[in-house]
Amino acid sequence: MTVLIDFHTHSTASDGALDPITLVQRAADRGIDAFAITDHDTVAGYRLARSRFVGGEGVPALVPGVELSCRWSGTTIHVVGLGMDIDHPALVAGLCRLDKARLERGGKIAERLARRGMPGALEGALAVAGDSQLGRPHFAQWMVAQGHVESANEAFDRYLGQGKIGDVKAFWPELAEATGWIVDSGGVAIVAHPLKYRYTRTKLRRLLVDFQAAGGQAMELVCGPGHKAEQRQQLERLASELELSVSAGSDFHRDGPYAPELGVELRHLAGFPGVWEMPELALPAVVTE
Ligand code: MN
Ligand code: MN
Ligand code: MN
């Protein structure tokens with residue numbers, strides 16, 4: 001029997017295109033057995049989905065999830081949390097802190113854009129974001145609407161992408177702090193997409209060691225298109241060497257020509273201790289066996 005999981009996805013509560021209900025419905029239609037919405041710095045999407053899907057036949061087991069932004073060694077790192085008590089004071093306070101950080105960062109981005117002849121970006125981006133967590137894509141959309149750029153891609157290439165003026169990272173909490181919020185609220189902390197940071201093997205190992213020292217227990221094994229077999233092997237070796245558990249997900253944001261489909265087959269992760277087996281996730285036997 002094929003068991004499908006997906007522990008990394010985004011809804012409209014952050015920068016995904018599908019609302020939480022549609023997203024979980026899509027997962028159900030795909031036959032996914034265990035599923036997490038891991039929006040950037042918010043559990044609002046999961047909270048909504050949980051109130052709607054109470055489990056049962058044909059519905060994936062919903063795991064509480066989040067993807068936190070934090071800092072390590074001068075770069076931005078993403079840590080996925082699964083299985084937390086979303087009302088735990090440690091997590092609530094942490095998410096509140098990140099809300100503030102996002103708004104401060106947004107203000108800084110807006111300041112810099114104003115200096116380039118694009119005033120009013122914060123108000124504009126907030127209006128685009130609506131109920132979603134403010135992020136750079138909202139600035140990009142506003143810039144397109146204002147005619148400052150032709151496309152969101154151009155906005156990122158010229159102003160918002162890595163190393164550009166709108167790439168403001170100073171406001172995130174430290175890796176150890178964000179990891180602590182997840183662990184203290186009863187969850188499992190996971191380093192998201194370890195290859196995305198483009199570290200050397202030595203630096204990635206250093207990140208994982210620091211992460212473990214802060215209570216982190218797992219890392220994602222990315223096996224999507226665009227990743228070579230040797231990169232996957234590098235991650236597998238690090239996981240075994242450091243005795244980290246593994247997790248996996250599509251990091252789905254929206255449909256598109258290069259977009260991943262929801263769901264990862266559990267057999268692709270065979271041989272590794274998985275987060276799906278951990279008591280924190282409280283998953284039914286169909287997934288854990
Ligand atoms: Mn995103
Ligand atoms: Mn991420
Ligand atoms: Mn993500």
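**Exercise 1. Work out whether Ala 13 is buried or exposed, and what surrounds it.**

Step 1: Ala 13 has a relative accessible area of 11%, so this residue is buried (buried means under 20% relative accessible area, exposed over 50%, partly exposed in between, with a 1.4 Å probe and protein chains only).

A quick note before going on: this is a predicted model, where local features need pLDDT of at least 70 and side-chain atom pairs count only at pLDDT 80 or more, while totals for chains, interfaces and linings use all residues. Residues are numbered from 1 along each chain as its sequence is written, chains are lettered from A and ligands numbered from 1 in the order in which they are written, and side-chain values use heavy atoms, with hydrogens and water left out.

Step 2: Look at the place in the chain. Ala 13 sits in the loop between E1 and H1 (helices, H or I with at least four residues, and strands, E with at least two, are DSSP runs numbered from the N terminus).

Step 3: List the neighbours. Leaving out residues up to four places away in sequence, Ala 13 touches Asp 39, Thr 42, Ala 44, Gly 45, Ser 132 and Gln 133 (contact means heavy atoms within 4.5 Å).

Step 4: Check one long-range pair. Ala 13 and Leu 134 are 121 residues apart along the chain, yet 9.6 Å separates their C-alpha atoms.

**Exercise 2. Find which residues coordinate the manganese ion (ligand 1).**

Step 1: Pick out the donors. They are Asp 15 (OD), His 40 (NE2) and His 253 (NE2), at 2.1 to 2.2 Å (donors are N, O and S atoms within 2.8 Å of the metal, or 3.2 Å for Na, K and Ca; water is not among the atoms, so sites may look incomplete).

Step 2: Place two of them. Asp 15 is in the loop between E1 and helix H1 (20-29), and His 40 is in the loop between E2 and helix H2 (44-52), 25 residues apart.

Step 3: Now the burial of His 40: with 11% relative accessibility, this histidine counts as buried.

Step 4: Look for the other metal. The manganese ion (ligand 2) is 5.7 Å from the manganese ion (ligand 1).

**Exercise 3. Say which residues of H9 are buried, and what they pack against.**

Step 1: Name them. Arg 232, Gln 234, Leu 235, Leu 238, Ala 239 and Leu 242 are the buried residues of H9.

Step 2: Find their partners. These buried residues pack against helix H8 (201-213), strand E7 (218-220) and strand E8 (245-247).

Step 3: Turn to the opposite face. Pointing away from the buried side of H9 are the exposed residues Ala 229 and Glu 230.
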